[in-house]
Amino acid sequence: MEPRPDAITSRLMEIFTRLLDFFGPQRWWPGDTPFEVMVGAILTQNTAWLNVEKAISNLKARHLLDPASLNALPVEELAGLIKPAGYFNLKARRLKNMVALVIKSGGGDPPLLLTQAPSLLKEELLSVNGIGQETADSILLYAAGYRVFVIDAYTRRVLSRHGFVEADEPYENLQNIFMNNLPADTALFNEYHALLVRLGKQYCRPRPDCAACPLKGLNRQSIKS
DNA sequence: CACCAGGCAAGTA
DNA sequence: TACTTGCATGGT
């Protein structure tokens with residue numbers, strides 16, 4: 001027996017309401033410009049945000065946080081500046097790859113790249129070596145402002161720990177649960193994902209603190225549709 | 001000290 | 001197709 005769609009909607013909204021009441025608004029994404037969001041999306045891959053901030057500060061302090069500057073910067077120097085974010089050699093190449101797309105497909109202007117239709121934009125982003133589903137969707141939502149739900153390791157962990165989905169549920173299925181059952185409200189998608197990450201960081205870690213979890217006691221029935 | 005963080009791609013069988 | 005492995009700093 002699968003739950004009715006409206007039942008899924010109300011359960012998803014209850015989760016959201018609980019998280020918002022408990023934590024308050026998260027005001028994501030932390031970044032001043034669309035390009036900064038894009039850079040942060042690469043740097044935060046499997047990395048604590050605090051370390052990403054240090055890397056971004058290094059770039060800002062040298063006025064290098066724009067496509068033209070990063071394009072002109074030797075990849076070894078870029079790697080040196082983003083060291084605190086970890087995987088610095090890998091991420092330096094990934095940033096270069098992303099900048100190449102901004103130049104090729106946006107004429108070097110991030111907003112021009114980001115105003116393309118979401119399906120086309122996602123396809124282009126995914127074609128960049130170093131940008132996968134989550135990074136692409138983060139850019140679609142938090143840099144371009146499109147109504148896309150971002151799935152990350154915390155989201156998957158929170159949902160599976162609560163019995164809502166299987167632990168190995170594919171990315172696209174998880175994404176569709178939210179996108180097919182929530183109101184068409186970009187601000188909601190923005191805040192919802194941020195709240196799930198906040199919950200994950202604080203309570204749903206590998207060693208969880210379930211006693212204090214704001215989602216404690218929810219019905220564990222599947223929400224797969 | 002060990003553990004882990006807002007993933008992704010390449011390699012192996 | 002389905003696993004496994006490399007990538008790396010810094011906070012808790």
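What share of the contacts in chain A with a separation of 6 or more comes from residues 24 or more positions apart? The figure is 66%. This is a predicted model, and here chain A comes with DNA strand B and DNA strand C. Chain A is built from helices, 12 of them, with zero strands.

**Overall fold of chain A**
- Reading from the N terminus, you just get one α after another: α-α-α-α-α-α-α-α-α-α-α-α.
- Chain A has a radius of gyration of 18 Å, which agrees with the value near 17 Å that a compact globule of 225 residues would have.
- Along the principal axes, the C-alpha atoms take up a box of roughly 55 × 35 × 30 Å.
- Of the 225 residues in chain A, 32% are buried.

**Around DNA strand B**
- DNA strand B has 27 residues around it, and Q45, G132, T135, A153 and P206 are the closest.
- Three helices put at least two residues each into this surface: helix 9 (133–143), helix 10 (153–161) and helix 12 (186–202).
- Helix 9 gives the largest share, with four residues.
- Sorted by class, the surface near DNA strand B splits into 11 nonpolar, 11 polar and five charged residues.

**Around DNA strand C**
- Several of the residues surrounding DNA strand C are N46, T47, A48, L50 and N51, and the rest of the set is K83, P84, G86, Y87, F88, N89 and L90.
- Helix 3 (49–61) and helix 6 (88–106) are the elements that supply two or more residues to this surface.
- Helix 6 has the largest share here, at three residues.
- The class tally near DNA strand C is six nonpolar, five polar and one charged.

**A look at P183**
- Where does P183 sit? You'll find P183 in the loop between helix 11 (171–181) and helix 12, and helix 12 is one of the helices that supply at least two residues to the surface near DNA strand B.
- Is P183 buried or exposed? P183 counts as exposed, because its C-beta has 9 neighbours inside 10 Å, and the cut-off for exposed is 12 or fewer.
- P183 and G132 are 51 residues apart in sequence, and their C-alpha atoms are 26 Å apart in space. G132, for its part, is among the closest residues to DNA strand B.

Note on methods:
Residues are numbered from 1 along each chain as its sequence is written. Chains are lettered from A and ligands numbered from 1 in the order in which they are written. This is a predicted model: local features need pLDDT of at least 70, side-chain atom pairs count only at pLDDT 80 or more; totals for chains, interfaces and linings use all residues. A residue is near a molecule or strand if its C-beta atom, placed from the backbone, lies within 6 Å of it. Ala, Val, Leu, Ile, Met, Phe, Trp, Tyr, Cys and Pro count as nonpolar, Asp, Glu, Lys and Arg as charged, and the others, Gly among them, as polar. The radius of gyration is taken over C-alpha atoms; the globule rule is 2.2 Å times the number of residues to the power 0.38. A residue is buried if 20 or more other C-beta atoms lie within 10 Å of its own, exposed if 12 or fewer, and partly exposed in between; C-beta atoms are placed from the backbone. Two residues are in contact if their C-beta atoms, placed from the backbone, lie within 7 Å.
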